[in-house]
Amino acid sequence: MNDAPNSLPPAYDDEIDLWELWDTVWSGRWLIIAITALFAVSGVAYALLAQEWWRAEVVLAPADKKSMPGALAQLGGLASLAGVNIGGGGDQEPLAVLKSKGFAREFITGEGLMPVLLKDVKSSDGRPLDIRDAIKTFEEQVRSVGDDKKTGLVTLGVRWKDPDTAAKWANLMVQRLNARLRAQALAESQRNVDFLQKEMAATSVVSLQQSMGRVLEGEMQKLMLARGNEQFAFKVIDPATPPKLRDAPKRALIAIVATQIGRAHV
């Protein structure tokens with residue numbers, strides 16, 4: 001006679017013992033607290049010791065440009081043959097110059113900023129640092145340019161290690177840009193005036209003399225406007241002032257993130 005088993009194997013108990021879980025967590029509470037505190041203290045220490053950066057901004061509006069007379073089209077070919085450019089370079093020229101490496105080079109050398117910009121920069125290949133490294137630092141860490149397509153306003157931002165210097169550089173850049181483009185326009189208009197006056201004296205065609213006279217009048221107006229207008233390319237809507245709040249580091253955010261990372265590593 002076969003004896004049938006009178007009992008089944010015990011079923012696997014997959015329920016979580018909450019008390020046992022709590023006991024495990026509670027027994028390791030000091031380790032959790034220690035790791036979280038370590039990360040939190042490290043984050044706070046970094047936030048307090050990290051280099052402070054300040055950002056100053058100047059808001060600009062493109063200066064109004066006077067349109068040339070209708071006779072410009074009639075003389076465009078004649079002027080180009082003589083190597084003379086009659087007319088402006090377009091509304092985008094000042095913005096392009098402001099963003100250019102050439103203007104950055106001019107500002108850095110003009111203000112003697114190479115030692116300041118390269119003070120904490122190390123050469124990656126062992127070669128001596130030069131103006132190219134200063135321009136790279138200037139473009140990546142210092143200067144930023146924003147262009148609002150709807151309003152046409154341009155925001156020049158300068159980020160540096162103290163607020164007064166940041167505001168000073170931002171305003172100086174605008175002054176240098178206006179001075180550069182103003183001098184360029186004066187020289188170009190003067191060349192055009194000289195060319196037109198010479199051609200008017202050399203031709204006997206009355207209609208051509210009249211057309212040249214109208215263009216000459218426009219160039220003379222441009223000369224007068226440029227000579228009397230220091231804000232030639234950009235008008236300053238809101239000049240840069242030393243910022244009250246630092247741009248970086250975000251100390252509270254760094255401390256919170258460090259604490260969360262510490263908790264995640266427990």
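The second largest pocket has a lining of 15 residues, and those nearest its centre are Lys122, Ser123, Ser124, Leu129 and Asp133. The model is a predicted one. Besides this pocket, the briefing covers three helix pairs: α8 with α9, α5 with α7, and α5 with α8.

**Second largest pocket**

- The space in the second largest pocket comes to about 320 Å³.
- By class, its lining holds eight charged, four polar and three nonpolar residues.

**Helices α8 and α9**

- Helix α8 spans residues 163-202 and helix α9 spans residues 206-227; they pack with their axes 9 Å apart, at an angle of about 155°.
- Angles over 145 degrees count as roughly antiparallel, and α8 and α9 are therefore roughly antiparallel to each other.
- The crossing of α8 and α9 is left-handed.
- On the α8 side, the contact is made by Arg182, Leu186, Ser189, Gln190, Asn192, Val193, Leu196, Gln197, Glu199 and Met200.
- On the α9 side, it is made by Gln209, Met212, Gly213, Val215, Leu216, Glu219, Met220, Lys222, Leu223, Ala226 and Arg227.
- The α8 contact with α9 consists of 10 nonpolar, six polar and five charged residues.

**Helices α5 and α7**

- Helix α5 (residues 101-111) packs against helix α7 (residues 131-142) at an angle of about 105°, and their axes are 10 Å apart.
- Because of this angle, α5 is roughly perpendicular to α7.
- From α5, the residues Lys101, Ala104, Arg105, Phe107, Ile108 and Thr109 meet Ile131, Ala134, Ile135, Phe138 and Glu139 of α7.
- Seven nonpolar, three charged and one polar residue make up the contact of α5 with α7.

**Helices α5 and α8**

- The axes of α5 and α8 cross at roughly 115° and come within 11 Å.
- That angle makes α5 roughly perpendicular to α8.
- The crossing of α5 and α8 is right-handed.
- Helix α5 contributes Gly102, Phe103, Glu106, Phe107, Gly110 and Glu111 to the contact, and α8 contributes Trp169, Leu172, Met173, Arg176, Leu177 and Arg180.
- The contact of α5 with α8 divides into six nonpolar, four charged and two polar residues.

**Shared elements**

- Phe107 of α5 takes part in the contact with α7 and in the contact with α8.
- Helix α8 meets α5 through residues including Trp169 and Arg180, and meets α9 through residues including Arg182 and Met200.

Conventions:
Residues are numbered from 1 along each chain as its sequence is written. This is a predicted model: local features need pLDDT of at least 70, side-chain atom pairs count only at pLDDT 80 or more; totals for chains, interfaces and linings use all residues. Side-chain values use heavy atoms; hydrogens and water are left out. Axes are lines fitted to C-alpha atoms, for helices over the stretch in contact, and angles run from 0 to 180 degrees between N-to-C directions. Helices (H or I, at least four residues) and strands (E, at least two) are DSSP runs, numbered from the N terminus. Angles under 35 degrees count as roughly parallel, over 145 as roughly antiparallel, 65 to 115 as roughly perpendicular and the rest as oblique. A crossing is left-handed if the near helix is turned anticlockwise from the far one by less than a right angle, and right-handed if clockwise. Contact means heavy atoms within 4.5 Å. Ala, Val, Leu, Ile, Met, Phe, Trp, Tyr, Cys and Pro count as nonpolar, Asp, Glu, Lys and Arg as charged, and the others, Gly among them, as polar. On a 1 Å grid over the protein atoms alone, a cavity is a set of points where a 1.4 Å probe fits but cannot get out, and a pocket is an open set with protein on both sides within 12 Å along at least five of seven lines; lining residues have an atom within 4 Å of a point. Grid points are joined across faces, edges and corners, and a volume is the space filled by probe spheres set on the points.
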